[in-house]
Amino acid sequence: MSGEPGQTSVAPPPEEVEPGSGVRIMVEYCEPCGFEATYLELASAVKEQYPGIEIESRLGGTGAFEIEINGQLVFSKLENGGFPYEKDLIEAIRRASKGEPLEKITNSRPPCIIL
């Protein structure tokens, strides 16, 4: 064996930090409106892509589904009338994790309508 006595292991390289570490998401949603399922689905997709992310929720007013990344509002159902596309939220998280400026998400998918 060629190792020197007394060698210690070193910390993993910085690139092995969990994706999304340091990014905090807050989702405010209307529970009586039935938006909890949408929140849980979105949170699951985000955690799958960014396991190190911190995602929280709080109950909001009627019709609310608002998303903040690091304290900045990036999506508002009250303004857009629908829910965000996962790909748009994932892109915003990617930008936040790299320290890039965030832009408001303006694309939205319509809420389900039962006829």
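Start by selecting Phe-35, Phe-65 and Phe-83, which ring pairs link into a cluster. Rings of Phe, Tyr and Trp (its six-membered ring) pair if their centres lie within 6.5 Å; planes under 30 degrees apart are called stacked, over 60 edge-to-face, and the rest tilted. The model is predicted, so local features need pLDDT of at least 70 and side-chain atom pairs count only at pLDDT 80 or more, while totals for chains, interfaces and linings use all residues. Residues are numbered from 1 along each chain as its sequence is written, and side-chain values use heavy atoms, with hydrogens and water left out.

**Aromatic pairs**

By the ring rule, the count comes to four aromatic pairs. Select Tyr-29 and Tyr-39: this pair is stacked, at 5.4 Å centre to centre with 15 degrees between the planes. Tyr-29 belongs to strand β1 (residues 24-29) and Tyr-39 to helix α1 (residues 36-49), ten residues apart, and the pair links these distant parts of the chain. Helices (H or I, at least four residues) and strands (E, at least two) are DSSP runs, numbered from the N terminus. Both Tyr-29 and Tyr-39 are buried. Buried stands for under 20% relative accessible area, exposed for over 50%, and partly exposed for what lies in between (1.4 Å probe, protein chains only).

Go back to Phe-35 and Phe-65, an edge-to-face pair with 6.4 Å centre to centre and 80 degrees between the planes. Phe-35 is in the loop between β1 and α1, Phe-65 is in strand β3 (residues 65-69), and the two are 30 residues apart. Phe-35 is buried, with a relative accessible area of 10%; Phe-65 is also buried, at 0%.

**Around Phe-65**

Show what Phe-65 touches, with contact taken as heavy atoms within 4.5 Å. Not counting residues up to four places away in sequence, its contacts include Val-27, Tyr-29, Phe-35, Tyr-39, Leu-42, Phe-75, Lys-77 and Phe-83.

Widen the selection to the largest nonpolar core, a set of buried Ala, Val, Leu, Ile, Met, Phe, Trp, Tyr and Cys residues joined through side-chain atoms within 4.5 Å. Of its 26 residues, Ile-25, Phe-65, Ile-67, Ile-69, Leu-89 and Ile-93 touch the most other members. At least two residues of this core come from each of β1, α1, β3, β4 and α3 (86-97). Helix α3 gives the most, with five residues. In soluble globular proteins, nonpolar side chains tend to be buried together.

**Lysines over rings**

Next select Lys-77, in helix α2 (residues 77-80). Its charged end sits over the ring of Phe-83, 5.6 Å from the ring centre. Here a charge sits over a ring if NZ of Lys or CZ of Arg is within 6 Å of the ring centre and within 35 degrees of the ring normal. Leaving aside neighbours within four places in sequence, Lys-77 is in contact with Phe-35, Gly-63, Phe-65, Glu-66, Gly-82 and Phe-83.

Where is the nearest side chain of opposite charge to Lys-77? That side chain is Glu-66, 7.6 Å away, and Lys-77 is buried yet has no salt bridge. Lys and Arg count as positive and Asp and Glu as negative; His and the chain ends are not counted. A salt bridge is a side-chain nitrogen of Lys or Arg within 4 Å of a carboxyl oxygen of Asp or Glu.

For another lysine over a ring, select Lys-87: its charged end sits over the ring of Tyr-85, 5.6 Å from the centre.

**Salt bridges**

The structure holds nine salt bridges. Select Glu-28 and Arg-58, which form one with the closest N and O atoms 3.0 Å apart. Glu-28 lies in strand β1 and Arg-58 in strand β2 (residues 54-59), so the pair ties together parts that are 30 residues apart in sequence. Arg-58 is partly exposed, at 35% relative accessibility.

Add Glu-68, which also forms a salt bridge with Arg-58, the closest N and O atoms being 3.6 Å apart. This pair links strand β3, home of Glu-68, with strand β2, home of Arg-58, ten residues apart. Glu-68 is partly exposed, with a relative accessible area of 23%.

Move to Glu-100 and Arg-94, whose side chains meet in a salt bridge (3.7 Å, N to O). Salt bridges that share partners join Glu-91, Arg-94, Arg-95 and Glu-100 into one network.

**Last stop**

Finish at Asn-70, in the loop between β3 and β4 (72-76). Asn-70 has a positive phi of about 50 degrees although it is not a glycine. Most residues other than glycine have a negative phi. Asn-70 is partly exposed, with a relative accessible area of 42%.
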